[in-house]
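I opened my notebook for this one and kept the entries short. Have the viewer ready and follow along with me.

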Amino acid sequence: MARAVRRSDTITLGTAAAVLYLPLLVLVVFSFNASPLMAFPLTGFSLRWYAALAGNAAFLHGLLTSLLVAQPVGFLAMVVGLAAALALTAPRLPWRIAFLALVLLPFLVPKSVLAIAQAMLLSLIGWDRGAVTLILAQALVAAPFATVLVAAMLLRFDHRLTEAARDLGATPWKSFRFVMLPHLKGALGGAYSVGVILSLADLTIATFLSGRTQPLSLIVASEFRRELRPDINAMQVVVLVLTALVIGTGQLGRLLRRRRLFPVPLTDQAVALRAGFEETSGRPSKAARC
Amino acid sequence: MTLPPRLRREHLAVPVALLFGLGSLAPIVVLAVLSVFRVDDFDLVPAVSARTWIELAGTPIYAVLIGKALLSGAATAVSTALMGYPIALALRRLPPSLKGPALVVLLTPLYTGEVVRIYAWRVTLGAEGLVNSALQALGLTQSPLTFLLFSPFTTGLVLAYNNAPFMILSLWVAAETVEPRLIEAARDLGARPLDAFFRIVFPLTLPGLAAGVFTVFTLAAGEMLTPSLLGGTSGATAMALIENLFGTAFDWPMASALALALLAALFAVAAAGAALVLLSRSARAVLWRAP
């Protein structure tokens with residue numbers, strides 16, 4: 001039963017959302033404005049700044065670089081986040097607080113200090129800076145976010161499910177793979193998206209660790225230090241749309257999964273029992289995959 | 001025959017700790033080592049020298065810049081907390097079906113790129129930007145307000161904008177755990193809404209506030225791009241100086257010493273602040289109550 005939303009709450013949240021989106025809205029509006037001057041009043045709708053982008057080789061190259069860098073960052077953040085979250089929520093982990101502090105360190109140390117220190121370390125051991133170092137450094141900064149996402153899901157996971165699977169003869173790996181992992185799908189997708197998004201959003205790390213690799217944020221930053229140009233508006237809107245797509249896909253996936261996972265209560269338990277049963281009977285288990 | 005010890009979940013902590021140690025602890029150790037090196041003709045010489053630390057302690061500008069970073073972090077933490085409470089409490093009262101979407105809407109701007117945000121604020125706050133045009137069109141001001149862009153005001157505003165989501169999130173998580181019946185009981189017994197807030201909600205959300213303050217403080221105090229690209233002449237920060245010493249001046253020992261001093265000051269202040277909050281009677285009551 002839905003309660004009515006209080007008027008004062010609507011106003012609070014509405015104002016907050018308006019302020020949060022105001023600068024982005026201004027950006028979008030000017031990217032469609034015909035005049036090369038970014039001033040009010042607006043002079044008419046035009047797509048010329050987007051047309052200009054299509055012929056801008058530096059922009060296209062930067063965009064491609066950013067997208068190619070973002071994928072491995074997402075993957076690494078997801079894998080490291082899963083491992084870190086599994087360890088963090090393990091019942092018998094000694095030194096849990098110290099481990100948590102270590103995992104959160106890349107988030108809490110200012111990114112610029114960390115990136116400069118990493119650049120110094122790389123130079124001391126004679127490792128060239130480039131795409132690989134950029135990917136590793138961005139994945140490290142995304143990993144704390146990924147860990148928290150996966151750990152939050154693990155804390156809610158009902159451990160009787162894996163116990164049931166084990167009692168019914170599943171190996172530890174199989175109970176993880178077929179009972180626990182399907183529950184973490186959403187969180188893992190979220191972890192991957194966070195890695196991609198943070199990589200696309202990053203400028204600080206790229207400034208110090210990208211070497212000769214030039215992601216889009218670096219190209220844009222060097223352009224707009226000099227002047228504001230309307231085609232940069234269009235560039236930024238393209239990046240915004242890409243980010244929105246990543247977030248939107250994640251949300252959609254979650255919505256669809258929820259619909260499939262909870263049509264009837266007890267499905268989770270039933271799935272686990274079936275998986276465990278099929279393990280003992282020696283048949284390949286597909287049950288828990290749904 | 002003895003079986004090898006079974007691998008368990010907690011054993012994953014070893015490779016993960018190794019990875020994070022190499023990625024984030026080792027660079028900080030490098031800072032400490034480099035800070036006592038010397039530079040001769042643009043070459044790092046591994047000789048122990050206390051030059052950088054003596055210079056750091058003896059030159060007031062370093063202390064001033066570090067103090068400025070701490071101040072900007074503290075100001076951002078306070079302003080985001082003031083904004084964050086009404087938002088977190090409003091989120092708490094939403095019906096469950098609306099909570100997810102509301103959260104996505106409020107957190108999405110966090111995901112936009114650093115460049116996008118800084119650039120968008122320049123367009124919004126400039127002499128011919130949205131805010132000035134609107135003010136003039138309404139007849140509230142005659143000429144553009146120049147303090148809107150490239151001033152300490154801009155830095156403060158954008159730092160608050162950038163970090164508000166972290167504060168909102170931790171306050172909201174804490175606010176969700178407050179038992180609604182406690183607030184209802186207080187109201188039934190005659191407490192006005194503000195009384196109920198300060199005597200029930202605020203003490204019970206102190207752990208969340210501590211987490212938010214700790215996070216926002218360290219993030220805002222260590223930020224370099226926003227002050228240098230939007231702060232105008234006020235934009236000189238400890239971070240910008242570190243970057244300069246690292247890149248242009250090639251004085252890595254000095255850059256390392258300053259970076260370490262900044263880190264130490266940040267964590268000392270943040271930890272002290274969080275500890276102060278967490279050791280208060282009500283926070284202890286929340287944290288150590290029986291599960």
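Below are my entries, in the order in which I looked things up.

**Entry 1: the model and chain A**

I noted at the start that this is a predicted model. I then went through the secondary structure of chain A and found 12 helices and 0 strands. Read from the N terminus, the elements are α-α-α-α-α-α-α-α-α-α-α-α. I looked up burial too: 50% of the 290 residues of chain A count as buried. For chain A contacts with a separation of 6 or more, I found that 68% are between residues 24 or more positions apart. The exposed area of chain A is about 14500 Å², and 68% of it comes from carbon and sulfur atoms.

**Entry 2: where the chains meet**

How many residues does each chain bring to the contact? I got 80 from chain A and 73 from chain B. The area buried between the two chains is about 7000 Å², with 78% given by carbon and sulfur atoms. I asked which three residues lead on the chain A side, and they are Leu20(A), Met120(A) and Phe224(A), which supply 10% of the area that chain A buries against chain B, more than any other three residues.

Next I looked at the polar side of the interface. I found 7 residue pairs in polar contact across it. Helix H1 (residues 7-31) of chain A gives the largest share of the side of chain A that touches chain B, with 14 residues. Sorted by class, that side of chain A has 57 nonpolar, 13 polar and 10 charged residues.

**Entry 3: salt bridges between the chains**

Over all chains I have 9 salt bridges, and 2 of these cross the interface of chain A and chain B. In one, Asp9(A) pairs with Arg93(B), with 2.8 Å between the closest N and O atoms. Another joins Arg92(A) to Glu10(B) at 3.9 Å, N to O. This pair joins two chains, because Arg92(A) sits in the loop between helix H3 (57-88) and helix H4 (96-108) of chain A, while Glu10(B) sits in the segment before helix H1 (13-34) of chain B. Are the two partners buried or exposed? Arg92(A) is exposed at 53% relative accessibility, whereas Glu10(B) is buried at 13%.

**Entry 4: salt bridges within a chain**

In chain A, I looked at Lys111(A) and Asp202(A), whose side chains form a salt bridge (3.6 Å, N to O). Lys111(A) belongs to helix H5 (residues 111-124) and Asp202(A) to the loop between helix H8 (172-201) and helix H9 (204-209), so the bridge ties parts 91 residues apart in sequence. Lys111(A) is partly exposed at 28%, and Asp202(A) is buried at 2%.

In chain B, I found Arg51(B) bridged to Asp251(B) at 3.0 Å, N to O. Arg51(B) is in helix H2 (residues 51-58) and Asp251(B) is in the loop between helix H12 (238-247) and helix H13 (252-278), 200 residues apart. Shared partners join Arg51(B), Glu55(B) and Asp251(B) into one network of salt bridges.

**Entry 5: two residues in helix H7 of chain B**

My last stop was Pro165(B), in helix H7 (residues 152-176) of chain B. Why do I list Pro165(B) as buried? Its relative accessibility is 3%, so it falls under the 20% cut-off. Leaving out residues up to four places away in sequence, Pro165(B) touches Leu107(B) and Leu110(B). Asn162(B) lies in helix H7 as well and is buried at 9%. With that exclusion, its contacts are Leu110(B), Arg117(B), Glu223(B) and Thr226(B).

Key:
Residues are numbered from 1 along each chain as its sequence is written. Chains are lettered from A and ligands numbered from 1 in the order in which they are written. This is a predicted model: local features need pLDDT of at least 70, side-chain atom pairs count only at pLDDT 80 or more; totals for chains, interfaces and linings use all residues. Side-chain values use heavy atoms; hydrogens and water are left out. Contact means heavy atoms within 4.5 Å. Buried area is the accessible area (1.4 Å probe) that two parts lose on being put together, summed over both. A salt bridge is a side-chain nitrogen of Lys or Arg within 4 Å of a carboxyl oxygen of Asp or Glu. A polar contact is a pair of N or O atoms within 3.5 Å; within protein, one must be able to donate a hydrogen and the other to accept it, and residues adjacent in sequence count only if both atoms are side-chain atoms. Helices (H or I, at least four residues) and strands (E, at least two) are DSSP runs, numbered from the N terminus. Ala, Val, Leu, Ile, Met, Phe, Trp, Tyr, Cys and Pro count as nonpolar, Asp, Glu, Lys and Arg as charged, and the others, Gly among them, as polar. Buried means under 20% relative accessible area, exposed over 50%, partly exposed in between (1.4 Å probe, protein chains only). Accessible areas come from the Shrake-Rupley method with a 1.4 Å probe; for residues, only the protein chains shown count as cover.
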